[in-house]
Amino acid sequence: MNHQTSTTTLGSIKRPKLTQEEQALQKEWKKYDDMIQQINQAKCYLDKDGPEELEQLITKWRAIAQHVAEELLAVFNEQKELFTMETSWDYWGDEESIFMDESTDDLDEREKPEEEEDPMVQMLTRLKVDPEVIHYSAETNSFYD
């Protein structure tokens, strides 16, 4: 790979500027490195506590997530404008919000909340939370175990 002739200074170390291709590869490398770290951490939990302990922690996390979703729904129903993607960018001050991984213009129809849809599903969808993760059923309008 060809490096550009200019350099950047990091402390007292001079490094050549990375090309766009090298920057893309570095970003890809970091993504996979993060995934490996998550897998190793999960393996460590499995080895340390065993699957039963991990299942108990997941159940506990899910119960807390359900409780938070119920509390947040009250706020959502009162102030829906805070939950729109455009407003959340302004509110949070960052287009790279944890709620966004792609442009809202690119959402397909199944991801766009409909007005007749269950308010909990509508809120979770806007927050990019899969209702199944926290065991919420749109058919029964309730959480399940």
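**Note on the predicted model: helix 3, its surroundings and the C-terminal strands**

1. The place of Lys128 is in the loop that runs between helix 3 and strand 3, the latter formed by residues 136-137. The structure under review is a predicted model. Lys128 follows helix 3 and has a positive phi; the angle is near 60°, in a residue other than glycine. With a relative accessibility of 32%, Lys128 counts as partly exposed.

2. A second residue of this loop deserves attention alongside Lys128. His135 also lies between helix 3 and strand 3, and its phi is near 55°, again a positive value in a residue other than glycine. His135 has a relative accessibility of 17%. The cut-off for a buried residue is under 20%, so His135 counts as buried. A reader inspecting the backbone of the loop may wish to look at Lys128 and His135 together.

3. The overall arrangement is as follows. The chain contains 3 helices and 4 strands, and from the N terminus on these elements run in the order β-β-α-α-α-β-β. Of the 145 residues of the chain, 21% count as buried. The accessible surface of the chain comes to about 11,700 Å², with 52% of that area belonging to carbon and sulfur atoms. Among contacts between residues at least 6 apart in sequence, 37% join residues at least 24 apart.

4. Helix 3 spans residues 119-126 and is mostly covered, since 6 of its 8 residues are buried. Which residues of helix 3 are buried? They are Met120, Val121, Gln122, Met123, Leu124 and Arg126. The list thus includes Gln122 and Arg126 as well as Met120, Val121, Met123 and Leu124.

5. The largest nonpolar core has 12 residues. Ala65, Ala69, Leu73 and Phe76 belong to this core, as do Met120, Val121, Met123, Leu124 and Leu127; Ile134, Tyr136 and Phe143 complete the set. Helix 1, which covers residues 20-78, and helix 3 each supply at least two residues of the core.

6. Two members of the core illustrate how distant parts of the sequence come together. Leu73 is in contact with Pro119, Met120 and Met123, leaving aside its neighbours within four places in sequence. Met123 is found in helix 3 and has a relative accessible area of 1%, so it is buried. Met123 and Phe76 are 47 residues apart in sequence, yet their C-alpha atoms are 6.9 Å apart in space.

7. The structure holds 1 aromatic pair. The ring centres of Tyr136 and Phe143 lie 5.0 Å apart and the ring planes stand at 70°, so the pair is edge-to-face. Tyr136 and Phe143 are both buried, and both are listed in the largest nonpolar core. Elsewhere in the chain, a charged side chain meets a ring: Lys31 lies over the face of Tyr32, at 5.2 Å from the ring centre.

8. Asp118 lies in the loop between helix 2, residues 85-92, and helix 3. Is Asp118 buried or exposed? Its relative accessible area is 14%, and Asp118 is therefore buried. Not counting residues up to four places away in sequence, Asp118 touches Tyr136, Ala138 and Asn141. One of these contacts, Tyr136, is also a partner in the aromatic pair described above.

9. Ser142 lies in strand 4, which consists of residues 142-143. With a relative accessible area of 30%, Ser142 is partly exposed. Its side chain makes a polar contact with the side chain of Thr140, at 2.9 Å. Ser142 touches His135, Tyr136 and Ser137 when residues up to four places away in sequence are not counted. Ser142 and Gln66 are 76 residues apart in sequence and 9.8 Å apart in space, C-alpha to C-alpha.

10. Several of these points meet at Tyr136. This residue is buried, belongs to the largest nonpolar core and pairs edge-to-face with Phe143. Tyr136 is touched by Asp118 from the loop before helix 3 and by Ser142 of strand 4.

Definitions and conventions:
Residues are numbered from 1 along each chain as its sequence is written. This is a predicted model: local features need pLDDT of at least 70, side-chain atom pairs count only at pLDDT 80 or more; totals for chains, interfaces and linings use all residues. Side-chain values use heavy atoms; hydrogens and water are left out. Buried means under 20% relative accessible area, exposed over 50%, partly exposed in between (1.4 Å probe, protein chains only). Rings of Phe, Tyr and Trp (its six-membered ring) pair if their centres lie within 6.5 Å; planes under 30 degrees apart count as stacked, over 60 as edge-to-face and the rest as tilted. A charge sits over a ring if NZ of Lys or CZ of Arg is within 6 Å of the ring centre and within 35 degrees of the ring normal. A nonpolar core is a set of buried Ala, Val, Leu, Ile, Met, Phe, Trp, Tyr and Cys residues joined through side-chain atoms within 4.5 Å. Contact means heavy atoms within 4.5 Å. Accessible areas come from the Shrake-Rupley method with a 1.4 Å probe; for residues, only the protein chains shown count as cover. A polar contact is a pair of N or O atoms within 3.5 Å; within protein, one must be able to donate a hydrogen and the other to accept it, and residues adjacent in sequence count only if both atoms are side-chain atoms.
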